[in-house]
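Please find below a colleague's note on this complex, set out as numbered points. It is meant to be read with the sequence and the coordinates side by side.

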Amino acid sequence: MAIKVRIPQPLQKLTKEKVEVEAKGRNIQELIEDLEKRFPGIKMRLCDEKGKLRRFINIYVNEEDIRFLKMEKTTLKDGDEVSIIPAIAGG
Amino acid sequence: MSYVKGLICKECRRSYPKRPLYVCEYCFGPLEVEYDYGRIKRILTKKEIIKRSKNMWRYWELLPIDKYPIVGLYTGFTPLFRAKNLEKALGVRELYIKDDSVNHPTLSFKDRVVAVALSKAKEFGFDTVACASTGNLANSTASQAAEAKFRCFIFIPADLELSKIVGTLIYNPILVAVEGNYDQVNRLCSEIATKYKWAFVNINIRPYYAEGSKTFAYEIVEQLQWHAPKHIVVPCAGGSLITKIWKGLKEFYKLGLIDKLDTKIYAAQAQGCAPIVNAVKENSEIIKPVKPNTIAKSLAIGNPADGVYAVSTVRESGGWAESASDEEIVEAIKLLAQTEGIFTETAGGVTLGVAKKLIKRGFIPKDESIVLCITGQGLKTQEAISSKIGSFIKIKPNISSFEENVIKKIRR
């Protein structure tokens with residue numbers, strides 16, 4: 001099960017400058033764990049000490065903000081596209 | 001000459017160099033410009049400021065540019081005036097309008113931020129500028145990019161008001177209308193900004209861009225003879241303006257340009273898009289995003305980037321937050337026009353609509369100084385009110401038709 005993940009600039013050093021990577025997981029939580037296996041250190045950047053998503057990161061599944069879905073429990077399926085985007089933009 | 005030390009993360013305080021960066025590499029917190037206030041204090045006195053030209057650059061030491069600005073040379077120093085008729089209508093003693101609906105060159109407060117952003121983009125050596133906009137920013141970026149000879153990409157939600165589209169296209173940018181709301185436009189632009197090395201004024205140039213809003217607060221203080229008002233009501237979309245107004249007041253206090261810092265700041269949003277107001281009222285630490293549904297399209301940001309800072313501005317200053325319905329927005333636009341002769345856009349209707357409620361409910365006392373921030377021009381959002389303002393009386397070109405159709409029928 002492959003999911004396309006778009007990586008924001010500040011994390012591209014961890015993905016060897018790759019803007020788009022593939023990962024697996026049945027939901028966002030599992031996807032982050034899988035990303036961590038492939039790119040060690042990435043989880044610490046996405047989540048705080050308690051394992052919660054940092055408040056200045058937004059995650060979108062197929063262009064929808066996961067805060068309108070089920071947050072970290074949002075389910076994923078093969079072919080889904082996930083974007084990780086810094087929250088600070090616009091306005 | 002510059003008084004900027006560098007950028008600093010607002011959350012974890014890590015330092016970064018003066019570059020087109022906008023988020024902290026470690027915690028994703030927003031980066032903010034850091035100044036050498038000690039040196040600024042020695043130079044930027046009231047005596048020095050009042051000698052300078054009446055535009056936003058009279059406070060240039062507090063703006064993040066290293067060279068002479070290249071655009072917006074006549075931006076800012078818009079009127080601040082006592083609104084006597086509106087005072088009567090609202091039953092308050094001392095009310096002022098700070099009127100950016102006549103800002104130069106494109107009639108909104110966005111001219112301030114764009115002037116800084118494009119001057120900075122030139123310093124950084126960019127040849128292309130871009131933005132995600134609900135309209136006013138589109139107008140201003142396209143206009144000032146034309147003057148500064150940048151290639152220009154503008155991204156807007158496809159359902160924008162006609163005047164905001166025409167007021168962008170006239171400058172001949174590449175205008176991209178995205179099928180979606182502003183938050184979707186913004187997300188797309190964040191992804192584009194990662195891939196294309198352009199100066200996105202409200203993404204990678206954002207730390208510099210946002211500083212331009214502080215001049216709105218500096219001017220209010222100077223125009224009130226170096227006194228900060230007791231209450232300021234600010235319209236909120238992304239939450240940047242309100243945050244920077246508060247920062248501007250704090251800086252003036254730090255520099256000794258005002259004696260005390262006791263201004264309460266109030267956030268105004270439309271009922272159909274009030275994530276900041278909701279967070280204030282629910283005393284929440286996080287902003288719950290919403291899907292906007294309001295005639296106030298310039299404020300229709302459901303996922304405000306500076307939402308948490310807007311909320312902390314309200315809390316820290318001791319203010320409050322309120323929202324206005326579409327009907328209240330239209331009524332307030334009409335009230336401002338028919339009392340003070342100022343035709344503001346929907347965002348101004350939100351500000352006045354909310355101020356009315358806050359005064360009525362006692363959140364803002366009637367006997368203290370109040371400033372309303374009017375940030376945009378009514379001619380740009382005619383769709384919102386055109387069916388609610390009556391219509392003309394059509395007559396034949398002779399006196400009897402005039403008397404028959406006009407004099408006999410009017411009841412005033």
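1. Loops are named here by the elements on either side of them, and helices (H or I, at least four residues) and strands (E, at least two) are DSSP runs, numbered from the N terminus. In that sense B:L107 is found in the loop between β5 and α4 of chain B, and its phi is near 65°, a positive value in a residue other than glycine. B:L107 counts as buried, because 23 C-beta neighbours lie inside 10 Å. The loop between β5 (94-99) and α4 of chain B also holds B:P105, and the peptide bond that leads from B:H104 to B:P105 is cis, with omega near 5°.

2. On confidence, the reader should keep in mind that this is a predicted model. The predictor assigns the complex an ipTM of 0.93 and a pTM of 0.97, while chain B averages a pLDDT of 97, with 100% of the residues scoring at least 70.

3. The contact between the chains draws on 23 residues from chain A and 30 residues from chain B. On the side of chain A that touches chain B, β3 and β5 of chain A are the elements that give two or more residues, and β5(A) gives the most, with 3 residues.

4. The largest nonpolar core has 151 residues, and B:V129, B:V234, B:Y266, B:A267 and B:I276 are those with the most contacts inside it. Helix α4 (residues 110-124) of chain B supplies the largest share of this core, 7 residues. Residues up to four places away in sequence not being counted, B:V129 touches B:L118, B:A121, B:T141, B:A145, B:F150, B:C152, B:W198, B:A199 and B:V201.

5. In chain A, helix α1 (residues 28-38) has as its buried residues A:I28, A:L31, A:I32 and A:L35. They cover an arc of only 100° around the axis, and are therefore on the same side of α1(A). These buried residues of α1(A) pack against β1 (3-6), β2 (20-23), α2 (42-46), β3 (57-61) and β5 (81-86) of chain A.

6. A:K16 offers a contrasting case in chain A, being placed in the loop between β1 and β2, with a phi near 55°, which is a positive value in a residue other than glycine. A:K16 counts as exposed, because it has 8 C-beta neighbours inside 10 Å.

7. Helix α9 (residues 214-223) of chain B is mostly covered, since 9 of its 10 residues are buried; among them are the charged-type names B:K214, B:E219 and B:E222. After α9(B) comes B:Q225, whose phi is positive, near 55°.

8. Helix α13 (residues 326-340) and helix α14 (residues 346-360) of chain B pack with their axes 7 Å apart and at an angle of about 95°, and α13(B) and α14(B) are therefore roughly perpendicular to each other. Residues making the contact include B:I329, B:V330, B:I333 and B:L336 of α13(B), together with B:G349, B:V350, B:L352 and B:G353 of α14(B).

9. B:P292 sits in the loop between α11 (275-281) and α12 (307-317) of chain B, and counts as buried because it has 24 C-beta neighbours inside 10 Å. Neighbours within four places in sequence left aside, B:P292 is in contact with B:N181, B:G272, B:C273, B:A300 and B:G302. The C-alpha atoms of B:P292 and B:E327, which are 35 residues apart along the chain, are separated by 16 Å.

Terms used
Residues are numbered from 1 along each chain as its sequence is written. Chains are lettered from A and ligands numbered from 1 in the order in which they are written. This is a predicted model: local features need pLDDT of at least 70, side-chain atom pairs count only at pLDDT 80 or more; totals for chains, interfaces and linings use all residues. A nonpolar core is a set of buried Ala, Val, Leu, Ile, Met, Phe, Trp, Tyr and Cys residues joined through C-beta atoms within 7 Å. A residue is buried if 20 or more other C-beta atoms lie within 10 Å of its own, exposed if 12 or fewer, and partly exposed in between; C-beta atoms are placed from the backbone. Two residues are in contact if their C-beta atoms, placed from the backbone, lie within 7 Å. pLDDT is the predictor's confidence in each residue, from 0 to 100. The arc is that of the directions from the helix axis to the C-beta atoms. Axes are lines fitted to C-alpha atoms, for helices over the stretch in contact, and angles run from 0 to 180 degrees between N-to-C directions. Angles under 35 degrees count as roughly parallel, over 145 as roughly antiparallel, 65 to 115 as roughly perpendicular and the rest as oblique.
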